[in-house]
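User: Please take a close look at one pocket of this model, and then follow the chain outward from its lining. Plain wording is fine.

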Amino acid sequence: MNRRQFLASAASIGISGIWASRSAAAPSRLPWREDREAFPQGVASGDPDEHSIILWTRRPFDLGDRHELTVEVARDPDFHHVVAAARTPVLAAADWTCRAMVGGLSPATVYWYRFIDDSGAGSRIGRTITAPRASDRRSVRFAFVSCNSVNEGAQNAYRRMIWEDERAPADRKLGFVLHLGDFIYELVEYPEETPNRYSRTVYDLGHIPDGRKIGNFYVPTNLAGYRHVYRAHIDDPDIQDARAHFPFVCMGDNHEFSWQGWQSFVRFGGKVEPAQQLRVDANQAWWEYIPSRVRKASGDGLEQFAPPVVADAPIDTFDEHGFATEPNSVTAIASMTTYRALRYGRNVDLILTDLHSYKAADPTDRAEAGALDSGEYPVLPQEWLEIVDGGKDYDGGKPPATITVGDGSIPNYRRDEGAYTVLGAPQKAWLKERLTRSTATWKIWGLTNGPLDMRTDPQNLPEGVVKGKWPGKDYGVFPGVDFSGAFAERAEIYDLVRDRKISGFVTVSGDRHSFWAGYAAPKLPPAGFDPVGLSFITGSVSAPGLGEAAEFFQESAQRPLYVRKVEGAAPEHTINLTVKRGVRAALEYAASGDIAKARALTNPDVAPHLEFVDMAGHGYSVVTAGPDAIETEFVCIVRPIARATTPDGGPLRYRVSHRADMWRPGARPRMEQRILEGDARLSV
């Protein structure tokens with residue numbers, strides 16, 4: 001790409017373009033003094049490619065609507081070898097955030113950057129790294145994370161990540177951090193009203209301007225509210241340090257818009273509301289605070305999001321895929337398109353999808369589904385969910401007329417409707433095309449929701465644990481909004497991988513607040529088991545998960561399926577065994593504490609797709625993708641209820657590696673697991 005092409009490309013995504021000189025580098029001539037108060041949210045970089053990077057800062061001014069900053073990029077942290085310097089605007093209309101795309105850089109190279117205002121006040125110095133050339137055979141190493149709730153936890157995982165990276169040899173340093181959603185939590189608790197949740201202190205993020213109270217939480221109602229929440233999260237010193245140390249590649253999940261929202265809908269207390277303006281506001285705030293190569297509908301503007309004008313009109317018409325056709329909703333969603341792919345050398349094609357902007361309404365939320373209740377059982381029959389999910393396409397286009405519910409039945413209300421989609425038709429077509437034509441060794445699909453099935457075998461529960469007969473045929477699925485519940489769509493993608501003989505298929509995801517490692521498989525027993533790739537879910541950076549919540553469950557016959565509590569000892573999360581080995585294994589461990597006896601009771605058909613489950617894990621995951629093998633390492637920290645007092649971010653619970661050699665298309669992948677340190681006996 002030459003200079004003219006680069007500047008046109010930068011303009012097309014609304015970013016100031018700066019061209020670096022590879023041949024000449026000179027010391028900086030600008031007066032600079034670090035002033036972190038003038039640049040309160042620090043600096044960041046995002047979406048590197050082999051010759052360019054997007055740089056970001058925020059410099060608020062008291063007067064005026066427009067100012068300019070100078071951005072400098074150098075080969076050294078002392079700025080003795082500056083390769084690019086240019087003026088770039090910063091606007092009140094963009095909440096004083098500033099973006100600049102710097103091109104003409106060398107591939108796989110570390111650079112340093114800073115911003116300076118006209119008084120000489122400067123941002124902190126940031127560090128970034130360009131991607132390797134598409135022909136580069138060196139291994140690619142990156143971390144993936146999700147769910148950093150500053151309101152309810154400390155971001156010690158980032159401190160650990162930086163500490164280890166600074167001490168790593170050159171070939172073991174991270175090239176970037178992939179953030180798979182919930183960078184912010186738009187649900188904010190106020191400590192004067194809710195000082196604690198679970199065993200955690202609720203930290204003060206300030207009051208959301210014009211916030212709306214939902215239960216114990218407040219949520220944004222406008223652009224100012226979202227901007228406040230972004231600033232409050234980035235003000236965390238560990239998040240800010242991580243953004244200054246690594247380039248980030250980000251994809252938003254649900255909390256960047258609304259916890260139970262989708263398309264241009266929000267749902268609070270079971271009531272669904274149109275929220276076209278709120279969707280635009282959420283998109284704008286994301287674009288302002290997350291440096292990325294996403295596309296915005298306002299076109300070639302260089303300085304700001306320029307949101308479209310929309311109204312919160314009723315939404316009651318949908319296409320065959322469940323996508324709302326109301327014009328304001330269409331415009332709101334199209335204001336920003338985030339799904340995209342980035343290439344890292346010969347070995348990695350990183351393919352990112354948006355799982356909330358185009359998804360249809362969850363068919364299990366409809367009133368007709370009220371009869372699909374498994375009583376006191378903690379799971380729902382898998383066959384019920386598959387029928388409802390598949391619609392008219394179920395069983396090869398032969399859906400049943402009724403759905404059996406215990407000893408009764410209800411009409412199959414989805415019999416004449418299309419299969420449930422999370423991806424939406426255009427994005428799914430793009431994903432398939434990208435997977436099919438990729439020439440990278442590893443096709444890594446980054447999706448914010450986990451695709452690995454979370455199920456167990458309630459048919460094997462002994463009498464007395466649950467009242468009543470299990471109403472299903474075989475296995476039960478834990479309810480929740482997750483890509484694992486999009487049975488037909490997930491199988492559609494996995495079948496494509498198998499049928500087109502796509503090699504090196506791997507999924508990485510987050511959102512579950514837990515660590516999972518396993519195999520990407522379209523079906524599980526009794527329907528069969530034929531994995532087509534590897535699948536990993538990372539624990540949350542700080543947000544609490546089901547394992548932690550279970551520690552506060554009331555004592556009952558079912559509690560041993562979730563947690564073992566013995567006086568004088570730390571709680572142990574038997575939910576890991578329930579999911580990975582079945583109910584008999586979990587109940588045995590809860591009773592005896594003997595892991596060998598528990599493993600001896602494993603049901604081999606409940607989870608042949610799983611190699612690791614920890615429903616109480618926090619931290620991050622590191623992928624090393626080479627020409628012949630791929631490794632994913634789980635780095636689990638202790639529960640981050642308070643900010644660590646040591647530079648390393650505090651102690652680890654465990655470090656576990658999952659490695660696989662490249663497999664032939666059509667063959668089954670095989671994963672080798674190693675516990676490198678710590679105790680993970682309930683997870684393996």
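Analyst: A pocket here is an open set of grid points where a 1.4 Å probe fits, with protein on both sides within 12 Å along at least five of seven lines; a residue lines it if one of its atoms is within 4 Å of a point. The model is a predicted one. The second largest pocket has a volume of about 760 Å³. Its lining is made of 35 residues, and those closest to the centre are Gln382, Glu383, Glu386, Tyr394 and Ala527. Four elements give two or more residues to this lining: helix H7 (382-390), helix H8 (394-397), strand E25 (402-405) and helix H10 (487-499). H7 gives the most, with seven residues. By residue class, the lining of the second largest pocket divides into 15 nonpolar, seven polar and 13 charged.

One way outward is through the sheet that contains strand E24 (380-381). Three strands form this open sheet, in the order E24-E29-E28, with antiparallel pairing. Its edge strands, each pairing on one side only, are E24 and strand E28 (455-456). Between E24 and strand E29 (residues 476-477) there are two bridges, in the antiparallel sense. Opposite leucine 380 stands valine 477 in E29.

A second way outward starts from the loop between E31 and strand E32 (533-537), where proline 526 is found. Proline 525 and proline 526 are joined by a cis peptide bond, with omega at about 10 degrees. On the other side of E31, histidine 513 is found in the loop between strand E30 (505-510) and E31. Histidine 513 has a positive phi of about 60 degrees although it is not a glycine. Its relative accessibility is 14%, and the cut-off for buried is under 20%, so histidine 513 counts as buried.

The next topic is the aromatic rings. A pair of aromatic rings is described by the distance of the centres and the angle of the planes. With a limit of 6.5 Å between centres, the count comes to 26 aromatic pairs. One of them joins tyrosine 339 and tyrosine 358: the centres are 6.0 Å apart and the planes stand at 75 degrees, so the pair is edge-to-face. Tyrosine 339 is in the loop between strand E21 (336-337) and strand E22 (340-344), whereas tyrosine 358 is in the loop between strand E23 (348-353) and strand E24; the two are 19 residues apart, and the pair links distant parts of the chain. Both of these tyrosines are buried.

Another pair involves E31. The ring centres of phenylalanine 515 and tyrosine 654 are 6.2 Å apart and their planes are at 65 degrees, so this pair is edge-to-face. Phenylalanine 515 belongs to strand E31 (residues 515-520) and tyrosine 654 to strand E36 (residues 652-661), so the pair ties together parts that are 139 residues apart in sequence. Phenylalanine 515 is buried, with a relative accessible area of 0%. Tyrosine 654 also counts as buried, at 0% relative accessibility. Ring pairs link Phe515 and Tyr654 with Phe536, Phe612 and Phe634 into a cluster.

Two rings have a charged group over them. The charged end of arginine 295 sits over the ring of tyrosine 339, 5.6 Å from the ring centre. In the case of tryptophan 56, the charged end of arginine 243 sits over the ring at 4.7 Å from the centre.

Further from the starting point in sequence comes strand E17 (residues 247-250), both faces of which are covered. Pro247 and Val249 lie on one side, Phe248 and Cys250 on the other, and all are buried. In a regular strand the side chains alternate between the two faces of the sheet. Strand E3 (residues 43-46) runs parallel to E17 and is joined to it by two bridges; serine 45 stands opposite proline 247. Strand E12 (residues 176-179) also runs parallel to E17, through three bridges. There, valine 177 has phenylalanine 248 as its bridge partner.

A last backbone feature is at alanine 108, whose phi is near 50 degrees, a positive value in a residue other than glycine. Alanine 108 is found in the loop between strand E7 (97-103) and strand E8 (110-116). With 32% relative accessibility, alanine 108 counts as partly exposed.

Note on methods: Residues numbered from 1 in each chain as written. Predicted model: local features only at pLDDT ≥ 70, side-chain atom pairs only at ≥ 80, totals over all residues. Heavy atoms only, no water. Phe/Tyr/Trp six-rings, centres within 6.5 Å; stacked < 30°, edge-to-face > 60°. Buried < 20%, exposed > 50% of the residue type's maximum accessible area, 1.4 Å probe, protein only. Lys NZ or Arg CZ within 6 Å of the ring centre and 35° of its normal. Pairing = 2+ DSSP bridges. 1 Å grid on protein atoms, 1.4 Å probe; cavity = no way out; pocket = protein on both sides within 12 Å on 5 of 7 lines; lining within 4 Å. Points joined across faces, edges and corners; volume = space filled by probe spheres on them. Nonpolar A, V, L, I, M, F, W, Y, C, P; charged D, E, K, R; others polar.
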